[in-house]
Amino acid sequence: MATSKLWGNELEFRRTVLRVVLLVIIVAGVTFTINNWVVGHKILAIVELVVVILSFIILAIHRKTPNLTLWSSVFLCALYTVILFGIFSVSFTSALYSWLFIVPVLSYLLLGTKLGSLYSVFYVSLGCGILTYRHIMQHTDIPTIAIINIGLTLIAIWALSYTYEQKRAAMVKRLQEMASLDPLTGLNNRLLLSSIFDMLCLSLPEQQKSVSMILVDLDHFKKVNDEFGHSVGDAVLIEVSRIINSMRRRNDWAFRFGGEEFCLLIPDVTPSQANSIAERLRYAVQHTLNAEGFTANLTASLGIAHWPDNGKELSEIYKVADERLYQAKEQGRNQIIAE
């Protein structure tokens, strides 16, 4: 599954959150390290210092690392471990348990719903267990209602954090789908072309590196709208999209550029195979298209280009395919130009 560059906004969101959290933890960690060293909790001070150093390291690499989730997981694991160690080591009056409240918040913001839930379940449960054992079982002077209040507050924060992240993620996904999919046909739109092309070029094995681009333009489509109406024209576009989807392989990608122009990116095929696919598509549009209300014949012109034979960049490949499509139009339409 390819990842659109549109998803970079989501990744940038998590990078920003991580950066803010790291800065806060560095400031708080230095403060607590000094304080705990002074009051005699030297082991806790050393552990906190390790987390501060780790935070500096992650802060230095978080902008460029491709493994943001991994580093966020490592950071949260270290941070939560220090929190649990502190709850076990120091007195209840220090209120170190209050740091448990940030566990679900940070987990969902940095790791998303699924992984965030796993972290929250594990560390919140462990924290409540340690808190109960350390400050109720061993120190009976701590009111039980205090622990109950802490637990209820944790549950409330947890529920709110989960609900927020779930709704936020669903909304972002919906907005990205709206931005990357053609609303009429459901095909990918032009915004995805560059990222899909880059993904295909990078993912193919060295000995199989080839990507064919087929540009498809429906001939005299304006007449369809003029004679049959725009609703029938839309039905024709939907039917053409269905034909394209029915013919493409699982790892082929189809796009609608707008109007009556379509594009296919087909990895790992020879030029003759790409020509064969284009010919089957041309034939299907001419002979099998069946849109409600449309009674005329429709044809398509196609231009084909190949990466890397016709260029190294997407712009070069598209230019060649577009020139060949234009040539097919000039030479009478309803044909394929591949070279």
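1. Let's begin with one residue: Val30 is partly exposed, with a relative accessible area of 37%. Here buried means under 20% relative accessible area, exposed means over 50%, and partly exposed lies in between (1.4 Å probe, protein chains only). Val30 sits in helix α1, residues 8-39. Helices (H or I, at least four residues) and strands (E, at least two) are DSSP runs, numbered from the N terminus.

2. A word on what you are looking at. This is a predicted model, in which local features need pLDDT of at least 70 and side-chain atom pairs count only at pLDDT 80 or more, while totals for chains, interfaces and linings use all residues. Residues are numbered from 1 along each chain as its sequence is written, and side-chain values use heavy atoms, with hydrogens and water left out.

3. Which residues join Val30 in a nonpolar patch on the surface? They are Ile34, Val38 and Val39, and together the four have about 360 Å² of accessible area. Patches are made of residues with over 30% relative accessible area and no salt bridge; like charges are joined within 9 Å, and nonpolar side chains (Val, Leu, Ile, Met, Phe, Trp, Tyr) within 5 Å. The areas come from the Shrake-Rupley method with a 1.4 Å probe, and for residues only the protein chains shown count as cover.

4. Now find the sheet. Five strands form an open sheet with mixed pairing, in the order β2-β3-β1-β4-β5. Its edge strands are β2 and β5 (336-337), each pairing on one side only. Two strands pair if DSSP finds at least two bridges between them.

5. Strand β3 deserves a closer look. Seven of the seven residues of β3 (residues 261-267) are buried, so this strand is largely enclosed by the rest of the structure. In a regular strand the side chains alternate between the two faces of the sheet. You can trace that here: Glu261, Cys263, Leu265 and Pro267 point one way, while Phe262, Leu264 and Ile266 point the other way.

6. What are the neighbours of β3? Strand β2 (residues 253-258) runs antiparallel to β3 and is joined to it by five bridges; Ala254, for instance, has Leu264 as its bridge partner. The two strands form a hairpin with two residues between them, and Gly259 in the turn has a positive phi of about 60°. Strand β1 (residues 211-218) also pairs with β3 in the antiparallel sense, over seven bridges. Met213 is matched with Leu265, Leu215 with Cys263, and Ser212 stands opposite Ile266.

7. Is β1 enclosed or open? Eight of the eight residues of β1 are buried, so β1 is largely enclosed by the rest of the structure. Val211, Met213, Leu215 and Asp217 cover one side, and Ser212, Ile214, Val216 and Leu218 the other. β1 also pairs with strand β4 (residues 300-307), antiparallel and over eight bridges; there, Leu218 has Ala300 as its bridge partner.

8. Next, the charges. Side chains of opposite charge can pair when their charged atoms come close. A salt bridge is a side-chain nitrogen of Lys or Arg within 4 Å of a carboxyl oxygen of Asp or Glu, and the count comes to nine. In one of them, the side chains of Asp217 and Lys329 meet at 2.6 Å, N to O. Asp217 is in strand β1 and Lys329 in helix α10, 112 residues apart. Both Asp217 and Lys329 are buried.

9. Lys329 has another partner to look for. Asp219 forms a salt bridge with Lys329, the closest N and O atoms being 2.8 Å apart. Asp219 lies in the loop between β1 and α7 (221-228) and Lys329 in helix α10, so the pair ties together parts that are 110 residues apart in sequence.

10. Compare a local pair. Glu279 and Arg282 meet in a salt bridge (2.8 Å, N to O). Being three residues apart in helix α9 (residues 271-287), Glu279 and Arg282 are separated by about one helical turn. Glu279 is partly exposed, at 33% relative accessible area, whereas Arg282 is buried, at 11%.

11. Finally, two charges over rings. Lys42 lies over the face of Trp37, at 4.9 Å from the ring centre, and Arg190 lies over the face of Phe257, at 4.4 Å from the ring centre. The rule is that NZ of Lys or CZ of Arg is within 6 Å of the ring centre and within 35 degrees of the ring normal.
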